[in-house]
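Student: I have a structure in front of me and would like to learn how to read it. Could you take me through some of its features, with the general idea before each case?

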Amino acid sequence: MKFKIMPMFSVVVTTTTTLLILFASSVNGMTLEEKIRDDSDLSQFYALLEMNPIAMSTLKYRTLTVFAPTNQAFQRFTGNTSVLYHISTVARTLEHLGSQVISDYDGNPPLYVTRKRTGKQEDFYINHALILRSRSNVQLQNKEGKKQVLHVIDDVLEPLTAKSSATIEIFNPDAWNFLTHSESLDIGPHRVRSFRQRVVMTKKEKIYSEAGGHTFFVPVEEGFKPSPRPDLIDRKVIDGHVLPNKVIFTSSAAIDEPYTTLAFEDNLKVTVSFFTQQSGKETKTYVKSNTVIGDSKHSAGVVMAEIVKGNIPVKNGVMHLIYRPLMVVDNSVKQFLEVSHF
């Protein structure tokens with residue numbers, strides 16, 4: 001069911017506290033459903049649970065992990081979500097999350113786990129949402145004796161869904177399915193037809209259907225003007241829009257750290273990095289391609305693009321829609337660089 005809304009103490013002490021909580025919960029016979037119900041800061045998430053009979057049945061009868069957003073996260077959220085996208089039918093504490101867990105949403109799309117070291121602490125993210133360690137790793141049993149784990153998160157998870165007007169069903173698409181059926185997907189006003197055409201013309205479809213976990217940058221239609229720009233997007237430029245074997249969401253991305261793209265070889269070396277810029281009360285996220293070593297067709301230099309819609313999860317990674325193509329240094333970009341203060 002969809003729901004629309006208009007984001008150490010020492011190890012010994014932490015472990016002891018967790019054990020005490022688990023012991024008290026076991027004595028009191030509290031279930032995970034009751035734990036969520038009685039937490040006033042999870043009331044909006046519990047309302048979603050109550051409205052979804054599949055989710056309530058899963059809580060009552062199955063092993064699971066729940067990623068529960070706070071009320072504040074729901075108050076910031078303006079997209080579409082499903083409570084089943086916040087549930088996995090395996091019980092996983094933070095230490096056993098792995099690189100991904102499979103959600104219970106239609107098509108069973110994966111949820112991606114990122115570990116990021118912050119000082120002496122390791123932070124955990126599920127997709128773009130930070131797991132709040134002090135309120136997570138709650139382990140309980142339901143009345144069937146099934147192990148269940150609760151993690152509280154600071155943002156609402158948003159699955160990739162088809163538009164209500166779509167004439168085809170799309171479940172758990174990979175990056176190539178995304179490009180192929182983008183007009184039927186709920187990605188706001190953005191269109192990616194021109195970039196898809198370049199991928200087909202250069203016969204690079206395979207990299208978008210490659211299994212595993214990758215990061216894909218996709219320029220939207222507006223970025224293909226002026227007219228000479230599309231002709232400059234060749235096979236190597238398309239490679240420069242892919243970070244292989246890395247699933248990077250904006251919230252957990254290392255700022256100003258260069259990531260190696262597929263366009264990184266002996267005669268051409270291109271990296272991509274993330275950075276942010278304050279615009280009034282809003283923080284905008286950008287990506288920057290750096291052609292460290294160019295060749296006769298690809299000039300050395302930096303190109304920046306705003307992420308206009310980021311953190312779109314797909315079967316084989318994450319996609320970020322960007323305002324203009326990376327790597328392509330044309331006159332309009334040179335003018336942009338001259339007047340910008342990045």
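Tutor: We will go through a sheet, a helix, a loop residue and some charged pairs, keeping in mind throughout that this is a predicted model.

Student: Let us begin with the sheet: in what order do the four strands of the open sheet come?

Tutor: The general idea is that strands of a sheet pair through backbone hydrogen bonds, either parallel or antiparallel. Here the open sheet of four strands has the order S4-S2-S10-S9, and its pairing is mixed. Strand S4 (87-88) and strand S9 (138-141) stand at the edges with a single partner strand each, so one side of each has no neighbour in the sheet.

Student: How many bridges join S2 to S4?

Tutor: Strand S2 (residues 64-69) and S4 run antiparallel and are joined by two bridges, and within this pair Thr 65 stands opposite Ser 88 of S4. Another antiparallel pair is formed by strand S13 (residues 259-264) and strand S14 (residues 269-279), with three bridges between them. A hairpin of four residues leads from S13 to S14, and Phe 264 stands opposite Lys 269 in S14.

Student: Which strands does helix H4 lie across?

Tutor: Helix H4 (residues 53-61) lies across S2, S4 and strand S10 (147-153), and it runs at about 130° to S2. At the N-terminal end of H4, Asn 52 acts as a cap, with a side-chain oxygen 3.1 Å from the backbone nitrogen of Ile 54.

Student: Which residues of H4 are buried, and why are they on the same side of the helix?

Tutor: An α-helix has 3.6 residues a turn, so residues three or four places apart point the same way. In H4 the buried residues are Ala 55, Met 56, Thr 58 and Leu 59. They cover an arc of only 160° around the axis, which puts them on the same side of H4, whereas Pro 53 and Ile 54, on the other side, are exposed. The cover over the buried residues of H4 includes helix H2 (32-37) and helix H3 (43-51), together with S2, S4 and S10.

Student: Where is Ser 182 placed, and is Ser 182 buried or exposed?

Tutor: Ser 182 lies in the loop between H6 and H7, and it counts as buried because its relative accessible area is 3%, where buried means under 20%. The side chain of Ser 182 makes a polar contact with that of Glu 183 at 3.3 Å. Leaving aside residues up to four places away in sequence, Ser 182 touches Ile 187, Val 192 and Arg 196, and Arg 196 is itself one of the buried residues of helix H7 (residues 193-201).

Student: Finally, how many salt bridges does a search of the whole structure find?

Tutor: Side chains of opposite charge can pair when their charged atoms come close. The search of the whole structure finds seven salt bridges, and in one of them the side chains of Glu 33 and Lys 60 meet at 3.5 Å, N to O. This pair links distant parts of the chain, as Glu 33 is in helix H2 and Lys 60 in helix H4, 27 residues apart. Glu 33 counts as buried at 16% relative accessibility, while Lys 60, at 39%, counts as partly exposed.

Student: Which residue forms a salt bridge with Lys 236?

Tutor: The partner of Lys 236 is Glu 265, with the closest N and O atoms 3.0 Å apart. Lys 236 belongs to helix H10 and Glu 265 to the loop between S13 and S14, 29 residues apart, and this pair too links distant parts of the chain.

Methods: Residues numbered from 1 in each chain as written. Predicted model: local features only at pLDDT ≥ 70, side-chain atom pairs only at ≥ 80, totals over all residues. Heavy atoms only, no water. Pairing = 2+ DSSP bridges. Contact = heavy atoms within 4.5 Å. Axes fitted to C-alpha atoms, helices over the stretch in contact; angles between N-to-C directions. Buried < 20%, exposed > 50% of the residue type's maximum accessible area, 1.4 Å probe, protein only. Arc of directions from axis to C-beta. Polar contact = N/O pair within 3.5 Å; in protein donor to acceptor, adjacent residues only side chain to side chain. Salt bridge = Lys/Arg side-chain N within 4 Å of Asp/Glu carboxyl O.
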